[in-house]
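Work through the exercises below with the structure open beside you, and try each task before you read its solution.

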Amino acid sequence: MATTIKSTDLDFTSIKNNLKTFLAQQDEFSDYNFEASGLSNILDVLAYNTHYNGLIANFALNESYLGTAQLRSSLVSLSEGIGYIPKSMTASRAVVTFSIDLTGLANRPQTVSLSPGVKFNSSIDDVTYTFQTRETVEAFDDGSGIYQFKTSLGSSNISIFEGSQKTKTFIADAISQDALYIIPDKNLDIDTAIVRVYESPTSIAFTTYQNLKDATLINAATALYILKESPNEFFELSFGDGITFGVTPLAGYKIEIDYLSVTGKAANEGQIFNPVTTVNVGGTQYPITATTVTDSLGGDTKETNQSIRVNAPFQYATQNRMVTADDYSSLVLRNFSTLIKDIKSFGGEDAIKPEFGAVFMSIVFEDDVPTSTQTTTKNSIQDLVNQLSIVSFKLKYIDPIKTFVETNTFFQFNPKLSTLSLNSITDSVNTAVRGYFTGNTGKFGQAFRRSNVLTLIDDISPAILSSRMEVKMQQRIVPRLNAQNDFTLRFPVPIAAADDINYIINSTAFTMGDQTGKIRNKLNSSKLEIVTLDGLTVIVDNVGSYDAAAGILTLIGFKPDTVIGGVNYIKISALPSNQSAIAPQRQDILEFDEDPSFASAVTVTSV
């Protein structure tokens, strides 16, 4: 007789009922009362055992795959198995200049050198954080007794990092090839770790080992280490096999790791850095004077479970090499994720003007990253590309192109179907529109779809009978005042063709001479003109044109005197040929412009 037990039923009651059903089908138990017998207790034991085993098997299976694992230890182990090391906590960093004043000191030294560890305090939200240097800095007498400290590269801009300096020492044992050295600190920043290996506990000379993730050439003689998160969220240090995969410390060697134990995000946005360290010159301690160049930023928490689950497969696909455009984005994010909000890379063959042999990269930095840090980061990215790119592609940076979306929303409102006022419903409509743009735009590749917004609006209340939306796309120009300007604007989608009823192109106000005007297209023409705000008088007959199919607008010889509205830019709006959707391409990003957008209701009383 076929069994009736279903292996998919894992709960206790279902398992027990299935067992009773199966036994009742047997001739010897056909009239048996299972609830009033000792056999009921046996069935309980069998059901519990099956239930537990089923759950354990299910959990174990789930933990075997990145997509379903829930335990962090499982995610870390699985990701490391495909060569992905989850990001540790990251130190917040700032840039300062600092000096000492030895004016009046007799027999001043020519140079003053400071070892790593020059400390500064910064107070953020009434909490004091300690920052420190991570490299040796040196200062020369400028002739008057002022010593301005500089890096080994000659820059007076010196990076300081938040965190407590810690050192952990190990002695390699006889089986060091397979040894793991545990650093019991969950707040370690992997990027600040420095590993030194001495031939004996008393040796002065040492070899500095290189992190595996930074290595580009690995053989039996490569001095490298692997530092990664362990299952208990501490960190484990290991080395190569000593045969083909790097040097391994021999028995008796001393292993020393210096690192920063950091706070992460909490130390961001520090503005004032007060020196704690003083400088000893001739037996006298002299204070340091510091000036902030950039506020502290870049501090972050450990990589989240969801981030590991998503990023590890993509990192595995790159194999630490830059071949495809996606490889460029993935590896740049791996190294600079604390500074970058979003990134887009694409091959030169996909550019508007194809350029073979090039990779274009567009980066949106975090809001608090200053221009100087952006420049430094781009230089570091170029160095990374030089190391990991396996073909001779030229990296080219292109600025993100922001296109703003303007919306005019109209809806029918029946007050009989709601206790809320028209103003409350209108506020809810505006909130829904803002919420849509907040959640669905602002990054590369995120498109606007009008039907999705209208669905959100219709779901607000039964009193909203219908809704429709007019959509415009807008870009901004910053003209040089009292000078002729030429601009070329490229919108992400085609512009509507000119007709004899609607003005497809419109701008915000500016002045030319004693007149206030705006830009618009001529009716039934792609030519652009400047007219007074009421549209009755033409100020400039021809100031450019637009190509509807290409989505390109060109201004030639545009010479405004002032910009109206307390800003330095002029908004130029265009009606898209298809208002249903605006899908950005390449380096395009969509954002919402709330100022010209509005919601308007028509009150109806019929149900």
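**Exercise 1.** Find which residues Lys254 touches, leaving aside those up to four places away in sequence, and then work out why Lys254 has no salt bridge.

*Solution.* In this predicted model, begin with the contacts: Lys254 touches Thr169, Phe170 and Ile171, then Arg196, Val197 and Tyr198, and also Ser200 and Pro201. Next, place the residue in the chain, where Lys254 belongs to strand β14, which covers residues 254-261. Then look for a partner of opposite charge: the nearest such side chain is that of Glu256, 4.4 Å away, and Lys254 is buried without a salt bridge. A salt bridge needs a side-chain nitrogen of Lys or Arg within 4 Å of a carboxyl oxygen of Asp or Glu, and Glu256 at 4.4 Å therefore does not give Lys254 a salt bridge.

**Exercise 2.** Determine how many salt bridges the whole structure holds, and describe the one between Asp588 and Arg490.

*Solution.* As a starting point, side chains of opposite charge can pair when their charged atoms come close. A search of the whole structure finds 19 salt bridges. In one of them, Asp588 pairs with Arg490, and their closest N and O atoms are 3.2 Å apart. This pair links distant parts of the chain, since Asp588 lies in strand β35 (residues 588-592) and Arg490 in strand β25 (residues 485-490), 98 residues apart. Finally, check the surroundings: Asp588 is buried with a relative accessible area of 0%, and Arg490 also counts as buried, at 14% relative accessibility.

**Exercise 3.** Decide whether the partners in the salt bridges Asp593–Lys571 and Arg468–Glu470 are buried or partly exposed.

*Solution.* Take Asp593 and Lys571 to begin with, whose closest N and O atoms are 2.8 Å apart. Asp593 sits in the loop between β35 and β36, while Lys571 sits in strand β33 (residues 570-574), so the pair ties together parts that are 22 residues apart in sequence. Asp593 counts as buried at 4% relative accessibility, and Lys571 counts as buried at 12%. Now turn to Arg468 and Glu470, whose side chains meet at 3.7 Å, N to O. Here Arg468 is partly exposed at 46% relative accessibility, and Glu470 is partly exposed with a relative accessible area of 36%.

**Exercise 4.** Describe the second largest pocket by its space and its lining.

*Solution.* The second largest pocket holds about 380 Å³ of space. Its lining consists of 19 residues, and Ala351, Ile352, Lys353, Arg490 and Arg586 lie nearest the centre. Sorted by character, the lining has 13 nonpolar, 2 polar and 4 charged residues.

Terms used:
Residues numbered from 1 in each chain as written. Predicted model: local features only at pLDDT ≥ 70, side-chain atom pairs only at ≥ 80, totals over all residues. Heavy atoms only, no water. Helix = DSSP H or I, 4+ residues; strand = E, 2+ residues; numbered from the N terminus. Buried < 20%, exposed > 50% of the residue type's maximum accessible area, 1.4 Å probe, protein only. Lys, Arg positive; Asp, Glu negative; His and termini not counted. Contact = heavy atoms within 4.5 Å. 1 Å grid on protein atoms, 1.4 Å probe; cavity = no way out; pocket = protein on both sides within 12 Å on 5 of 7 lines; lining within 4 Å. Points joined across faces, edges and corners; volume = space filled by probe spheres on them. Nonpolar A, V, L, I, M, F, W, Y, C, P; charged D, E, K, R; others polar.
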